[in-house]
Amino acid sequence: MKDFLKGLWKEHPVFRQLLGMCPLLAVTTSVINGISMGLAVVFVLFFSSLVVALIKKIVPHQVRIAVYTVIIATFVTIVDIFLKAQLPDISRSLGPYIPLIIVNCIILGRCEAFASKHTLKRSLLDALGMGLGFSWGLLLLGAIRELFGTGTILGVTIMPKIYNPLIIMILPAGAFLVLGFLIAIMNKIEQSQEKK
Amino acid sequence: MKEMFKIVGVLTSVCIICAFFLSFANSTTKVKIELNAKTKIENAIAILAPATSSIKKVAFDGGTLYQLSNNQKKLLGFAFLAQGQGYQGLIKILTVINPSLGKLEGIEIVESVETPGLGAKIIEEGFKSQFQNLNVSDKILCIKDDLSQNNQIKAITGATVSSMAVANILNKKIAKLREMLRSK
């Protein structure tokens, strides 16, 4: 259980380990983008960890990274063509960031640091925890940026009409600002917990 | 020596297995993806020129020109795919123009990879609707201020490059179409 929970808070991939910054900052202009990106990462991370944990004993040490990359790339490509076939609109709005999951350091990082060294069950729990942790990070960032940047959540207008959207929030600079504030808040919470 | 064979063997077999899965996934979704692209064009034509009942395809500038006519065989206009470089990549626009090439019936963005939240707004109604009944006897102008003429469109705030790209792609393709029809 600890393997699952640590990804959600204590070793959160976004706010604690600062992994996967490229898709995080790029796609979180809206909630729906954040959710679909998060789910794609959960899927790829789960199955990559599954395969890596299963074959860890037969993979020679020298080529392990190459093998992991091939496995990850396979699952990412499957997700990519599945989205193109079944959900063309989401595939369009995520654009090149789905294929870029291949080089998302969370996935290679978890395969190398965890799945290749632990049992299948623990690897799967770790993958789910990290994937969902990444997803809620994306979701939170997407929600804040969409709310202030366009005044909507999931396309539904939330802010009163007089609210003038802050364009900077959906520009790349806004992503860095929000991320910075969120990490500061996380650190504050962590500190106050330690004091107790 | 034995070690080397193991390294090569494992890596090769992993690649072969992955390739097998990928080709399987590709073959099951290929038809659907092509169908999506085709229905997208047909749907877009149906929205932009609802009276269309028959479509005739002719070759045009390395692509296809769709001649749209209604059930009395009267020519309603032409539809074509115009494509070109946007801010981040290719933009493909399905355009419907009237028979005299003086006015657009409307456009539909079929493919684009513009920045989400900014350039990607070119696919939204607010931007696309500006092209309905737009005068194209002269070049389309993309401006940042308020509109004063009927061949102007307003650029999206924060995405001037993407907005200009749409106007330029259309201008080029319309000029080519005009040339082709004149030479006929």
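In this predicted model, strand 4 and strand 5 of chain B run antiparallel and are joined by 6 bridges. One point at which to look at this pairing is B:Ile97, which stands opposite B:Leu104 in strand 5 of chain B. The two strands form a hairpin with 6 residues between them, and within the turn B:Leu101 has a positive phi of about 60 degrees.

This hairpin belongs to a wider arrangement, for 5 strands of chain B form an open sheet in the order 1-2-3-4-5, with antiparallel pairing. The edges of the sheet are strand 1 (54–60) and strand 5 (104–111) of chain B, each of which pairs on one side only. From one strand to the next, the twist averages 25 degrees.

Elsewhere in the sheet, strand 2 (residues 63–69) and strand 3 (residues 75–85) of chain B also run antiparallel, and 5 bridges join them. Here B:Gln67 stands opposite B:Phe78, a residue of strand 3 of chain B. In a regular strand, side chains alternate between the two faces of the sheet.

Two helices of chain B can then be placed relative to these strands. Helix 1 (residues 2–48) of chain B lies across strand 1, strand 2, strand 3, strand 4 (90–97) and strand 5 of chain B, and it runs at about 155 degrees to strand 5 of chain B. Helix 3 (residues 160–183) of chain B, in turn, lies across strand 1, strand 3 and strand 4 of chain B, running at about 130 degrees to strand 3 of chain B.

Note on methods. Residues are numbered from 1 along each chain as its sequence is written. Chains are lettered from A and ligands numbered from 1 in the order in which they are written. This is a predicted model: local features need pLDDT of at least 70, side-chain atom pairs count only at pLDDT 80 or more; totals for chains, interfaces and linings use all residues. Two strands pair if DSSP finds at least two bridges between them. Helices (H or I, at least four residues) and strands (E, at least two) are DSSP runs, numbered from the N terminus. Axes are lines fitted to C-alpha atoms, for helices over the stretch in contact, and angles run from 0 to 180 degrees between N-to-C directions. Two residues are in contact if their C-beta atoms, placed from the backbone, lie within 7 Å.
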